[in-house]
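User: Could you take a close look at the enclosed empty space in this model and walk me through what lines it?

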Amino acid sequence: MEVVIDCYFDQLFEGMERSSLASRHKRRHLVKYFSEVINNCSKAEKIDTADVCERIVRAALRYHNISMADNGSVCMLGKFHNVLYVAAKLCYDWRLENNDVVSKVLNDMFFCEKTFERIVVGAIFGTRVTHFLSGWKSDFEDREENLSAFMYFLNHAIEGRLQYYCPRLTSTRRFIDVPMESYGQVLPLRVAVQNGSPDILLIMLRYGASTENDMLAPAPIEILLSRLNEYEEDVKCPEQLLLCLKLLLRTIPNVYVKVPSHLAETCGIQYVSVFEQYPNLASRDILPRERTGLRPPELKHLCRCQIRQCLHDNWTLPHGIRQLQIPQTLQDYLDLMAD
């Protein structure tokens, strides 16, 4: 069957224009077409639908790789590249479990684009805003499906222990921490914080997204504190920003603010406490005293941070939490579902 699908795939794409898959409508139409092929082949051959789906996805990967090989290992873009998003949608729609195949789809995407923003952006902004920001319409139906698809690929990336070298950061990053190319190379977590999206922020934090600062942007907590500090004392801060702050504080042992480099060179101090940098926020009880430096953080919270770091290092965050022999209330606490 593999040979038949490969030949059929080649004939189908041969008659397509180069820009034929640039439209979301046409990509969805092709996904629907292949879904019908999966159903019909499964019934005719009496084999599992996942097996047929896997063979079609492999054919899409083969088509992409051959087109690259014919062009000196450089992606030809257009339909030759967008076929990967048809393959990704099929993987998600049919919940393909073969990690090697799904990982290959993600690896090929990164090889050509050096980012996964087309998977992540719909989960952060929804389906409408993405077209205006990056000129790309998400292949998934709505924001809820985008969130579900993001978690699907995130779970496969963790299972495959996928890591990618990011030249701009000069470091290797996991799927969830690969910068977003069209958004100034900012990490997805920072985009979620800037957008004030607590639902996707919670997902990213649960899966161990980095909350540290990097060479291109300040730490997410610093971005959020700076925004909250803009509101006067008699103005109520937006609930979504306060919720984002609450979630971030569950992952950080203690909050410190990085001193600007030109001042750090003068005074020799790299970090200051939140109380020193933003006394207004501390006095308004927007931040608990245990995070401002006025009181030491709770032992329970420090243990949570350390346990989560160990699980993250072993690629078992967050699902490994449920395997720990501890009460469910503590599991929820470790999983950032409770304070």
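Analyst: Let's fix the residue classes: Ala, Val, Leu, Ile, Met, Phe, Trp, Tyr, Cys and Pro count as nonpolar, Asp, Glu, Lys and Arg as charged, and the others, Gly among them, as polar. This is a predicted model, where local features need pLDDT of at least 70 and side-chain atom pairs pLDDT 80 or more, while totals for chains, interfaces and linings use all residues. Numbering runs from 1 along each chain as its sequence is written, and side-chain values use heavy atoms, with hydrogens and water left out.

A cavity here is a set of points, on a 1 Å grid over the protein atoms alone, where a 1.4 Å probe fits but cannot get out; lining residues have an atom within 4 Å of a point. Points are joined across faces, edges and corners, and the volume is the space filled by probe spheres set on them. Searching the whole structure turns up two cavities of 30 Å³ or more.

The largest cavity comes to about 90 Å³. Its lining splits into nine nonpolar, two polar and one charged residue; among them are Arg 174, His 312, Thr 316, Trp 315 and Tyr 207. Helix H8 (residues 143-159) supplies the largest share, three residues; helices are DSSP runs (H or I, at least four residues), numbered from the N terminus.

The second largest cavity, about 60 Å³, has a lining of five nonpolar, one polar and three charged residues. Lys 89, Arg 118, Asp 139 and Ser 138 are included there, along with Phe 140 and Phe 153. Two or more residues come from each of helix H4 (79-93) and helix H6 (117-125), and H4 gives the most, three.

Conventions
On a 1 Å grid over the protein atoms alone, a cavity is a set of points where a 1.4 Å probe fits but cannot get out, and a pocket is an open set with protein on both sides within 12 Å along at least five of seven lines; lining residues have an atom within 4 Å of a point.
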